[in-house]
Structure formats: C-alpha cells, structure tokens
Amino acid sequence: MNDRERMTVEPGKRGGRPCVRGLRITVDDVLDQLSTGMSPEQIIEDFPELELEDIHACLGFAADRERPIAGLQA
C-alpha cells in the first residue's frame, strides 16, 4: 500500500476531511499530535489501529499539499 492509498476521503465521515485507511482518524489528528511533540510511537499507543507507515503517509500528504503547483509563483 502506498502513501496515497492510505488516505481516504468520505463525504459523511469526519466532515469529508482526509482520513487514514478509512478509519475515523484524520490526517489533521495525526499532525496535531506530532506538532505537540508526541513521537510516532506515542501516537500509536493512543491509536493502536495506526501503523508507523500511516504516520509517515500523513506527513507526506501534508508535504504534498504545501508544494507549489507547477507554473504558479508566490
């Protein structure tokens, strides 16, 4: 499973925000916990259904959203 396959969007789930593997855990949930200084291992303790690859995929997903679109300049 690649990073993109780990992210799902369902209109009726969590307000249509990107979630991890169809779970009710959003990318934002994971990023918020990382931003408070939690380690991936601590996040997995809180959300045992997550895998380390899910956390890496959330970071990659966020990085992709921040990349400028080709041809557009800031």
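Me: Which residue takes a positive phi just after α2?
Reply: This is a predicted model, where local features need pLDDT of at least 70, side-chain atom pairs count only at pLDDT 80 or more, and totals for chains, interfaces and linings use all residues. Numbering starts from 1 along each chain as its sequence is written, and side-chain values use heavy atoms, with hydrogens and water left out. Helices (H or I, at least four residues) and strands (E, at least two) are DSSP runs, numbered from the N terminus. Just past α2, the residue with a phi of about 100 degrees is Gly37.

Me: In what order do the elements of the protein run from the N terminus on?
Reply: There are four helices and two strands to place. Starting at the N terminus, they go α-β-β-α-α-α.

Me: Where in the protein is confidence highest?
Reply: The yardstick is pLDDT, the predictor's confidence in each residue, from 0 to 100. The protein averages 89, and 92% of the residues score at least 70. Confidence bottoms out in α1, at a mean of 80, and peaks at 97 in α3.

Me: Is Gln33 buried or exposed?
Reply: Gln33 sits in helix α2. Leaving out residues up to four places away in sequence, Gln33 has contacts (heavy atoms within 4.5 Å) with Met38, Ile43, Asp46 and Phe47. The cut-offs are under 20% relative accessible area for buried, over 50% for exposed, and partly exposed in between (1.4 Å probe, protein chains only). At 17%, Gln33 is buried.

Me: Within what arc do the buried residues of α2 fall?
Reply: The residues in question are Val27, Asp29, Val30 and Gln33. The arc is taken from the directions from the helix axis to the C-beta atoms. Down the axis of α2 these residues line one face of the helix, because they fall within 165 degrees.

Me: Which helix supplies the largest share of the largest nonpolar core?
Reply: A nonpolar core is a set of buried Ala, Val, Leu, Ile, Met, Phe, Trp, Tyr and Cys residues joined through side-chain atoms within 4.5 Å. The largest one here has 11 residues, including Met7, Val27, Cys58 and Phe61. Both α2 (27-35) and α4 (52-66) supply at least two of its residues. The largest share, four residues, comes from α4.

Me: How far apart are the end C-alpha atoms of α4?
Reply: The expected span is 1.5 Å times one less than the number of residues. For the 15 residues of α4 that gives 21 Å, which agrees with the end-to-end C-alpha distance of 22 Å.

Me: Within what arc do the buried residues of α4 fall?
Reply: Asp54, Ile55, Ala57, Cys58, Phe61 and Ala62 are the buried residues of α4. Viewed down the axis of α4, they line one face of the helix, because their arc stays within 160 degrees.

Me: Which residues does Val27 contact, leaving aside its neighbours within four places in sequence?
Reply: Val27 is one of the buried residues of α2, and what covers those includes β1, β2, α3 and α4. With its sequence neighbours set aside, the contacts of Val27 are Met7, Pro18, Cys19, Cys58 and Phe61.

Me: How far apart in space are Thr8 and Pro18, C-alpha to C-alpha?
Reply: Thr8 belongs to strand β1 and, at a relative accessible area of 23%, is partly exposed. Pro18 is among the residues Thr8 touches, along with Arg17, Cys19, Arg21 and Gly22. In sequence the pair is 10 residues apart, and C-alpha to C-alpha the distance is 5.5 Å.
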